[in-house]
Structures are given as structure tokens and as C-alpha cells.
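User: Please take a close look at the surroundings of the ligand in this structure. Which residues form them, and which polar contacts can be described?

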Amino acid sequence: MFSVQSKFLLTGRINRNIGRRLVLPAMDKFVIRGGNPLLGTVRISGAKNAALPAMAAALLTDEAVILENIPQVRDIETTRKLLLAMGAEVELGYGRAQHRTTICCRQLSAPEASYELVKTMRASTLVLGPLLARCGRARVSLPVGCAIGARPIDLHIQCLEKLGAKISQEHGYVEASAKRLKGAEIVFDKITVTGTEDLLMASTLAEGETVLENCAREPEVADLASLLNKMGARVEGAGSSTIRILGVDKLRGAKHRIIPDRIEAATFIIAGALTDGDLNVSGCEPSHLAALFEKLHAVGVKIKTLSDSVRVEGSRELKAADMITEEYPGFPTDLQAQYMALATQAEGTSVITENIFENRFMHALELVRMGGNIRIEGRRAVVRGKTTMSGAAVLASDLRASASLVLAALVAEGETIIDRVYHIDRGYENIEEKLRGVGAQIRRLGEILPKRH
Ligand code: UD1
């Protein structure tokens with residue numbers, strides 16, 4: 001048993017199966033003293049963006065789906081709540097199995113994703129396709145505005161309609177129904193990651209063959225397809241831009257290990273480079289990080305890769321290099337903010353172009369408050385590097401923006417206080433413990449280390 005301390009928010013309800021609560025820290029500030037090189041080994045968690053669709057995929061069967069390497073982050077907790085509200089049983093592992101989750105959607109009493117949950121996590125819309133396929137109906141709140149851009153779900157809706165769904169929008173909700181979805185040939189107007197995943201899941205139980213063109217090629221899409229095939233689906237081509245799905249009548253339970261989080265790994269690799277450290281980033285998948293390695297090579301960072309780890313050696317002589325975000329296998333938009341922190345310490349001018357989201361430079365203003373020389377010109381940020389960063393009070397505006405402020409703070413003179421780090425808790429597991437383990441001076445304000453068991 002643990003004692004409930006007022007400084008911790010109890011976000012989990014007692015789990016029916018194992019009587020455990022998930023305790024996440026409620027403190028909302030990091031205090032970081034910069035200047036230490038990061039040295040040693042840090043272990044990477046499972047990919048949040050692969051775990052979220054995998055949890056949604058469990059809706060497609062009435063048997064148990066066991067997922068391993070699930071990261072303990074807030075978005076996973078939100079998805080757990082979403083599934084519980086629909087009538088699913090969700091069991092969290094504990095002790096050595098703390099990263100295992102078993103989901104059983106024997107009966108789904110309410111195929112609905114409420115505004116309250118969708119507003120905190122846009123990826124909740126991933127349940128639309130699976131609910132429609134399994135229950136023949138779904139009611140999902142439209143996502144609210146987002147700090148990094150409009151982020152509509154029009155493509156999910158249009159493509160599900162091509163599979164025969166009847167969809168209306170009322171009172172802020174998408175209402176969808178279909179007796180049974182019917183396979184179709186669908187070309188996405190624009191590449192969308194969760195859109196591809198949503199359609200992929202919906203098509204597994206559709207009648208006949210579905211061909212999806214212009215799909216997202218992210219490793220998380222391929223990971224989802226691998227889980228679906230273990231569940232009895234017939235999916236080919238995931239990870240390429242054309243995916244073929246032959247619909248089946250029923251899916252079964254399965255056990256699946258989630259791939260490592262390439263964005264978390266990359267964030268630590270950049271941290272090692274930036275702090276002139278010598279860091280071994282273990283438990284990752286180097287083949288998912290090729291675009292980052294190419295850029296770091298141009299910047300002057302030494303990288304050595306093994307089958308499941310990366311050793312990064314920083315340098316005091318970083319050189320500026322331009323960067324453009326693109327869909328996978330291009331440079332990920334989810335690393336743009338972290339790359340900008342690196343660019344502030346590189347000699348010369350780096351032009352960073354954000355191609356995926358229209359408003360993803362909120363972190364730039366905060367980096368400027370710390371001493372960065374950054375000018376925003378529409379979708380481009382011009383960073384004049386090698387400025388001395390100094391600790392300041394700054395505000396995190398979204399998940400990856402928070403990570404860039406942490407990186408800048410690690411090289412800043414003096415103390416940085418980052419407010420609203422609940423954003424970082426959405427997607428980075430124990431980031432402060434992991435950073436402390438490799439020599440960073442970081443603490444949560446008023447921290448009492450959470451008890452885990
Ligand atoms: C996913 C990732 C997110 C990442 C993003 C881009 C998850 C849970 N999240 O988000 O971390 O930053 O990919 O790599 O995997 N769009 C439309 N209409 C739609 C859907 C998307 O116009 O129906 C636009 C978006 O506004 C954006 C672009 O398409 O400009 C790409 O967005 P998308 O790939 O869908 O992002 P997400 O899947 O939400």
C-alpha cells in the first residue's frame with residue numbers, strides 16, 4: 001500500500017483486477033540547473049504513438065489483447081479511461097510487469113468517446129474506426145483546437161464514408177454508423193498518421209478488400225499492422241504507402257510488444273549531443289532514426305549504432321545545418337522543437353522549415369527568452385546559433401515544446417524553471433528520473449519521489 005500524499009494526483013481509479021492505482025505526479029514545474037554533460041546509459045520506453053493505436057485495436061475483438069512495453073505516460077492513462085468508460089476491462093501490470101497492459105473488450109456498453117477525454121488527447125479519435133467496425137456505430141467528440149495547429153479529422157471521416165459509413169456531426173460529436181463496412185479503394189488526400197491507423201483498423205473487419213493509398217509510412221503504422229495480423233487480420237504493405245487489407249469476420253486476442261519510442265530516443269540523443277556528453281541510449285531501434293542521424297552528422301555529432309542502442313558523443317564545435325520536417329522517413333515534426341534547441345548552440349545560421357503543422361513554433365519564443373536568437377518567418381524559423389543560454393522562467397506549450405525547453409535548460413547558465421510540464425508527462429516516461437540518472441540536475445518543484453510498485 002502507498003500513502004496518498006496531497007502533492008500527488010490520483011488519476012487512476014482502483015483497478016478491478018489488481019486493486020492498484022496509477023499515481024502520477026501533479027507538480028507542474030521542473031527546476032533545472034544547466035552545465036552538466038550527460039554521461040552513462042539511459043533506457044528508452046515503449047512508443048506512446050504505437051501504444052495508443054494498439055490499445056484502440058483491442059476494441060476490435062472480444063478476447064484479451066496483451067500489450068507489452070507500454071510506457072507509463074499520461075496519454076496511456078487517458079486511453080485507459082476511455083476504454084473503461086466504454087465497458088472494457090483494462091488490467092495494468094505491476095512490479096516487473098509494470099509495462100504490461102491487458103485489455104479485454106468482451107462487451108462494449110457505450111461505444112463513445114466523450115468530449116472530456118478527447119479534449120485532453122486528440123488521438124482519442126483513433127477509437128472511431130474500430131468502434132464502427134466492431135459495434136456498427138460510434139459517437140466520438142470532435143477534437144478541440146490544439147496548440148500546434150487546427151488538426152482536423154476530415155480525412156478520417158471522408159475515408160470511413162468511402163467504406164460505407166453514414167456519418168453526421170452534431171453538438172460537437174461525430175456520429176457514425178454502418179451495418180458492416182465494405183472494402184474500397186481509398187487514396188488519402190494528404191498523409192495522415194492516425195488517419196491511416198484509423199482506416200487500417202476499420203478495414204480489418206470490413207467485407208472484402210480495402211486498398212489504402214498515400215498512407216503514412218511511420219514505424220508506428222507498421223507496428224499496428226503487426227498486432228492486427230497477430231489478431232487474425234490480413235494486412236499487407238504497412239510501412240509503405242500502399243496498404244492492402246482483406247477483411248475477416250472476426251479477430252481474436254493476441255500478445256504484442258510495442259516498438260521503442262523513437263522520439264524519446266532522439267530527444268536523449270540530442271541531449272547527449274547538446275551537453276557535450278557521452279551517452280548510451282539503449283533499448284531503441286536505430287533504423288527508425290536515420291533522418292536524425294543524417295542531420296546530426298552534418299552538425300558534427302558522433303554517433304555509433306548497435307542493433308538496439310546508440311552511443312552519442314557531443315562536441316563543443318557544433319555546426320549549423322538547415323532542417324525540414326517531413327513525413328516518415330523524413331525528419332519528424334515531433335523532433336523539430338528539440339532540433340531548434342540544438343541549433344541555438346551550433347555555429348552559424350540554421351533555417352528550420354515546419355511542413356507538417358502550421359503553428360508549431362511556440363517554443364521559439366521561450367527559447368528566445370533564454371537567450372536564443374530566433375526569427376520566425378511563416379513556416380520557417382531562422383536560428384542564429386552559438387548564443388549563451390541563461391536560465392529563466394519559461395512556459396511549456398505542448399509535449400515536444402516542453403522537451404525543447406528541457407534541452408535548452410540543460411546547457412543554460414544558472415537555473416531554469418519550466419512551468420506546465422504536465423505536457424511532458426503526456427509522452428515522456430519519468431523524464432526527470434532518466435535525466436538525473438545520467439547526470440542532469442533536474443527536479444520537480446516540491447518533489448517527493450513517487451512510490452512505484
Ligand atoms: C500523429 C502523431 C503526432 C505527430 C503527427 C505528425 C500520434 C498519436 N500522433 O498525429 O505525434 O506529430 O502524427 O507526424 O501518432 N490532417 C488533416 N485532416 C485530417 C488529419 C490530418 O488535414 O483528417 C492534417 C493535419 O492537420 C496535419 C497533417 O495532416 O497538418 C498531418 O497530421 P497527422 O499525420 O494526421 O497527425 P496525427 O495523426 O494527429
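Analyst: A residue is counted as near the ligand if one of its heavy atoms lies within 4 Å of it. The model examined here is predicted. There are 19 residues around the ligand, and those that come nearest are Asp154, Thr192, Thr194, Asp334 and Ile356.

Two of these nearest residues also make polar contacts through their side chains. In Asp154, a side-chain N or O atom is placed 2.7 Å from a nitrogen atom of the ligand. In Thr192, the side chain has an N or O atom 2.7 Å from an oxygen atom of the ligand. Leu155 contributes through its backbone instead: one of its backbone N or O atoms is 2.8 Å from a ligand oxygen atom.

Taken alone, the ligand has 740 Å² of accessible area, and the protein covers 89% of this. Helix 5 (154–162) and helix 6 (193–204) are the elements that each supply two or more residues to the shell. The greatest contribution comes from helix 5, which provides 3 residues. Asp154 and Leu155, described above for their polar contacts, fall within the range of helix 5. Thr194, listed among the nearest residues, falls within the range of helix 6.

As for the chemical character of the surroundings, the shell comprises 8 nonpolar, 5 polar and 6 charged residues. Asp154 belongs to the charged class, and Thr192 to the polar class. Leu155, whose contact with the ligand runs through a backbone atom, is counted as nonpolar.

Technical notes:
Residues numbered from 1 in each chain as written. Predicted model: local features only at pLDDT ≥ 70, side-chain atom pairs only at ≥ 80, totals over all residues. Heavy atoms only, no water. Polar contact = N/O pair within 3.5 Å; in protein donor to acceptor, adjacent residues only side chain to side chain. Areas by Shrake-Rupley, 256 points an atom, 1.4 Å probe, with all protein chains shown as cover. Helix = DSSP H or I, 4+ residues; strand = E, 2+ residues; numbered from the N terminus.
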